[in-house]
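Colleague: I am still learning to read models of this kind, and I would like a close look at one single part. Could you choose a stretch, describe what is found there, and then follow its connections outward?

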Amino acid sequence: MTNPPELDSYLIDMDGVLVHEENALPGADEFIRRLGEAGKTFLVLTNNSIYTPRDLRARLHASGIDIPAENLWTSALATAQFLDDQRPEGTAFVVGEAGLTTALHEVGYVLTERDPDYVVIGETRTYSFEAITRAIRLIERGSRFICTNPDATGPSAEGTLPATGSVAALITHATRKKPYFVGKPNPLMIRAGLNTIGAHSETTAMIGDRMDTDMVAGMEAGLHTILVLTGVTDEAELERYPYRPNQIVASVAHLEVGSRG
């Protein structure tokens, strides 16, 4: 029996894997350094659409992790790429922050409230009743409904925050129209990430802390899946799922770069 090929590339979830809130998790900076020393390509993925890659780089750097902006891939970037492929130079009404609006501007989209091709919902810490009402009315008039990701909640220092998935459910209930979600667990985001770094699924790992997004997305895209226990999933919760990751480790500090465990 031949050994599986060594891992050459890594797609890495951010929250719960490298950081928790604004703080680096133990060993995260060392793991990123080891990837560079070993000549491995990597991309840090996040469903969070609030920040641009430059913003995220600065936030990570402040926590002690140095990652170039080109190694950061957000659901906002994936959404912009998807819309550019579907309808180049289109129009959109956006509920979201700079990460999403900047990504859409950079692919040539015009942001407008007048009969847009798409209504695009992403994260924001200040969801507006007025903006959500506008989104509902535009979708009722025929605009296509897109969301950056399906995450129902997000973390904060004070506790749980409603996120894109929750707002999407509200809009769906009002319009009876379901959105297309671009971010994880949609394998589309994984494949776009692989293309961004020129990686092949057979020699790439997906590292994450969530079974319902990271692990299922990696599995469906044909990647080697590695669950870390520094985020939302513990070993007891694993038994609830009908699928399992290829590897389970306490944290990225325990991973041997290049090995399939």
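Modeller: Let us begin with Glu-89, which sits in the loop between H3 and strand S6 (91-95). Please keep in mind throughout that this is a predicted model. Most residues other than glycine have a negative phi, and most peptide bonds are trans. Glu-89 departs from the first of these habits, for its phi is positive, about 55 degrees, although the residue is not a glycine. Its relative accessible area is 66%, and because exposed means over 50%, Glu-89 counts as exposed.

The helix on one side of that loop, H3 (residues 75-86), packs against helix H4 (residues 98-106) at an angle of about 30 degrees, and their axes are 8 Å apart. Since angles under 35 degrees count as roughly parallel, that makes H3 roughly parallel to H4. From H3, the residues that make the contact are Ala-76, Leu-77, Ala-80 and Leu-83, while H4 contributes Gly-99, Leu-100, Ala-103 and Leu-104. The crossing in which H3 passes H4 is right-handed.

A further positive phi, near 45 degrees, belongs to Asp-115, which is likewise a residue other than glycine. Asp-115 is placed in the loop between strand S7 (110-111) and S8, and with a relative accessible area of 57% Asp-115 is exposed.

Strand S8 (118-121) leads us to helix H6, as S8 is among the elements that the buried residues of H6 pack against; the others are helix H5 (129-140), strand S9 (144-147) and strand S12 (180-181). H6 comprises the 12 residues 164-175, which at 1.5 Å a residue should span 16 Å, and the C-alpha atoms at its ends are indeed 16 Å apart, so the expected and the computed values agree. Its buried residues are Thr-164, Gly-165, Val-167, Ala-168, Ile-171, Thr-172 and Thr-175. They lie on the same side of H6, because the arc they cover around the axis is only 160 degrees. An α-helix has 3.6 residues a turn, so residues three or four places apart point the same way.

The packing of H5 with H6 can be described in more detail. Two packed helices are described by the angle between their axes and the distance between the axes. For H5 and H6 the angle is about 45 degrees and the axes are 10 Å apart, and the two helices are therefore oblique to each other. Their crossing is right-handed. On the H5 side the contact involves Ile-132, Ala-135, Ile-136, Ile-139 and Glu-140, which meet Val-167, Leu-170, Ile-171, Ala-174 and Thr-175 in H6. After H6 comes Arg-176, whose phi is positive, near 60 degrees.

Beyond strand S12, the loop between S12 and helix H7 (187-197) holds Pro-185. Here the peptide bond is the unusual feature to look for: Lys-184 and Pro-185 are joined by a cis peptide bond, with omega about 15 degrees. Pro-185 also gives us a link to another part of the chain, for Pro-185 and Met-219 are 34 residues apart in sequence and 9.7 Å apart in space, taken from C-alpha to C-alpha. Met-219 belongs to helix H8 (residues 211-220) and is partly exposed, as its relative accessible area is 38%. Leaving aside residues up to four places away in sequence, Met-219 touches Thr-225 and Tyr-243.

Notes
Residues numbered from 1 in each chain as written. Predicted model: local features only at pLDDT ≥ 70, side-chain atom pairs only at ≥ 80, totals over all residues. Heavy atoms only, no water. Helix = DSSP H or I, 4+ residues; strand = E, 2+ residues; numbered from the N terminus. Expected span 1.5 Å × (residues − 1). Buried < 20%, exposed > 50% of the residue type's maximum accessible area, 1.4 Å probe, protein only. Arc of directions from axis to C-beta. Contact = heavy atoms within 4.5 Å. Axes fitted to C-alpha atoms, helices over the stretch in contact; angles between N-to-C directions. Parallel < 35°, antiparallel > 145°, perpendicular 65-115°, else oblique. Left-handed = near helix turned anticlockwise from the far one by under 90°.
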